[in-house]
Amino acid sequence: FLKAGLLIAAASADKNIYLFKFQDGDYQKLTACKLENGVPVSVNFSEDSKKIVICTNQRKLLLLDPVTF
C-alpha cells in the first residue's frame, strides 16, 4: 500500500506486478507490468513512496516508478 492508501501494488505468480487505485470505495486496476526474469516474491512502496520495490525469486531487487509504470 502507498502510505496515503490510494494505490496498492500486488505481485502475482504470473510474473506481473499489478497497480490498483482506490476510488469510490473500491480498487480499480490501473495497469500491469510483466517481469521478464524471475517471479516477484515481495512488493512494497519505498519509504518516500516514489518507487515500487520488487524482490524476485532470483534474488534481484527492482525499482519501478508508479507514475511511469
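What is the order of the strands in the open sheet with E4, and is the pairing parallel or antiparallel? The three strands of this open sheet follow the order E4-E5-E6, and their pairing is antiparallel. Strands here are DSSP runs of E of at least two residues, numbered from the N terminus, and two strands are taken to pair if DSSP finds at least two bridges between them. The model is predicted, so local features need pLDDT of at least 70 and side-chain atom pairs count only at pLDDT 80 or more, whereas totals for chains, interfaces and linings use all residues. Residues are numbered from 1 along each chain as its sequence is written, and side-chain values use heavy atoms, with hydrogens and water left out.

In the E4-E5-E6 sheet, strand E4 (40-45) and E6 are the edge strands, each pairing on one side only. Neighbouring strands of the sheet are turned by 20 degrees against each other on average, direction ignored; the axes are lines fitted to C-alpha atoms, and angles run from 0 to 180 degrees between N-to-C directions. Five bridges link E4 and E5 in the antiparallel sense. Proline 40 stands opposite threonine 56 in E5, and serine 42 has cysteine 55 of E5 as its bridge partner. The two strands form a hairpin with six residues between them, and serine 49 in the turn has a positive phi of about 65 degrees.

On the other side of the pairing, E5 is joined to strand E6 (residues 61-64) by four antiparallel bridges, with valine 53 opposite leucine 63. Four residues lie between E5 and E6 in their hairpin, where arginine 59 in the turn has a positive phi of about 60 degrees.

A further open sheet has three strands in the order E1-E2-E3, also with antiparallel pairing. Strand E1 (7-11) and strand E3 (26-34) each have a single partner strand, so one side of each is left without a neighbour in the sheet. Here the average turn between neighbouring strands is 25 degrees, direction ignored. E1 and strand E2 (residues 16-23) pair over five bridges, and leucine 7 stands opposite lysine 21 in E2.

Side chains alternate along E5: Ile52, Ile54 and Thr56 point to one face and are buried (under 20% relative accessible area, 1.4 Å probe, protein chains only), while Val53 and Cys55 point to the other face and are not buried. Ile52 and Ile54 belong to the largest nonpolar core, which has nine residues, the others being Leu7, Ala9, Ile17, Leu19, Leu35, Phe45 and Phe69. Such a core is a set of buried Ala, Val, Leu, Ile, Met, Phe, Trp, Tyr and Cys residues joined through side-chain atoms within 4.5 Å.

Definitions and conventions:
Buried means under 20% relative accessible area, exposed over 50%, partly exposed in between (1.4 Å probe, protein chains only).
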